[in-house]
Amino acid sequence: MTAVLSGRATARQFAEVFGGAVWATDILAVPRCHFAALLSFAGRLGGRMVGAAAPVWDEVVDVPPSARRELGALRKIVRENPWVVGGVPEDTGSVLWTDASSRAWAALLEAEGRFVDGRQGVFAGPDADAHINLKEMLAFAEGVVRLCWAPGAQRCRIDNAAVVGAVAKGSSSSYAANRVLSRSLRVAGRRGIVLRPDWVPSGGQLADPYTRGTSLPRFPAQLPLPRSRATPFDLF
């Protein structure tokens, strides 16, 4: 990693670091759209290696400053995560349910078969006229930011296939949805949370009634859970 960040490293050293970076974006659900320069350089280098008669793995290459900056940012995200799981995070033991109607959104956190916390609100301003897919993404973001604190794998139940797909791959074809999703993923990453979205049919969406006029019950104040004391893992 040190050699790559310095700007001059062998192709072998870069390949090893890049492999770890790809693994990290998958495990931590970091959108790869934020690492365009790193991916572009890796693609060019890989194409040159594949086209060669024999891969020259000990050849020294110059890593562009833009790719080094993105790699440094990813290393910072990795080192700030509070859990050490060997690649498979432990389940948080809770389920996040989020839903949106044309008028309102709701998010509930379920643990041990009952709701332990929840939030709901009405879309206002530009959000009131947004596409339903964006409203569903906004509801999901509110749930992650307001309700999810425990590090580990957080199960999420969403009845919108577009949102499930975007969360699973870390990006959306919609610029507006990407902005909202990026915020959710940054917050989750800082808290050591890996989001695990699952699709549920609208009839099985437990948050649905709370987007259509039903008021949420009163919940005790939700306080942030203590961060894990495990040593932050270092992929590189």
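The following paragraphs describe the nonpolar cores of a predicted model, together with the surroundings of Thr98 and the placement of helix 6.

The largest nonpolar core comprises 29 residues, among which Leu96, Met137, Phe140 and Leu195 have the most contacts inside it. At least two residues of this core are supplied by each of strand 3, strand 4 (104-111), helix 5, strand 6, helix 6, helix 7 and strand 7. Helix 5 contributes the largest share, eight residues. Beyond its neighbours within four places in sequence, Leu96 is in contact with residues including Leu108, Leu109, Phe140, Val144 and Leu147. A second, separate core contains 17 residues, including Ala21, Leu45, Val61 and Ala67.

Thr98 is located in strand 3 (residues 91-100). Its relative accessibility is 1%, and Thr98 therefore counts as buried. When residues up to four places away in sequence are not counted, Thr98 touches Ala106, Ala107, Glu136, Ala139, Phe140, Gly143, Arg157, Ile158, Gln205 and Ala207.

In helix 6 (residues 161-169), the buried residues are Val163, Val164, Ala166 and Val167. Viewed down the helix axis, these buried residues fall within an arc of 165°, and they therefore line one face of helix 6. They pack against helix 5 (132-147), strand 6 (152-158), helix 7 (175-190) and strand 7 (193-199). Ala161, Ala168 and Lys169, on the other side of helix 6, are exposed. At the start of helix 6, the backbone nitrogen of Ala162 has a side-chain oxygen of Asn160 within 3.0 Å. Gly170, which follows helix 6, has a positive phi, near 85°.

Terms used:
Residues numbered from 1 in each chain as written. Predicted model: local features only at pLDDT ≥ 70, side-chain atom pairs only at ≥ 80, totals over all residues. Heavy atoms only, no water. Buried < 20%, exposed > 50% of the residue type's maximum accessible area, 1.4 Å probe, protein only. Helix = DSSP H or I, 4+ residues; strand = E, 2+ residues; numbered from the N terminus. Arc of directions from axis to C-beta. Contact = heavy atoms within 4.5 Å. Polar contact = N/O pair within 3.5 Å; in protein donor to acceptor, adjacent residues only side chain to side chain. Core = buried A, V, L, I, M, F, W, Y, C linked by side-chain atoms within 4.5 Å.
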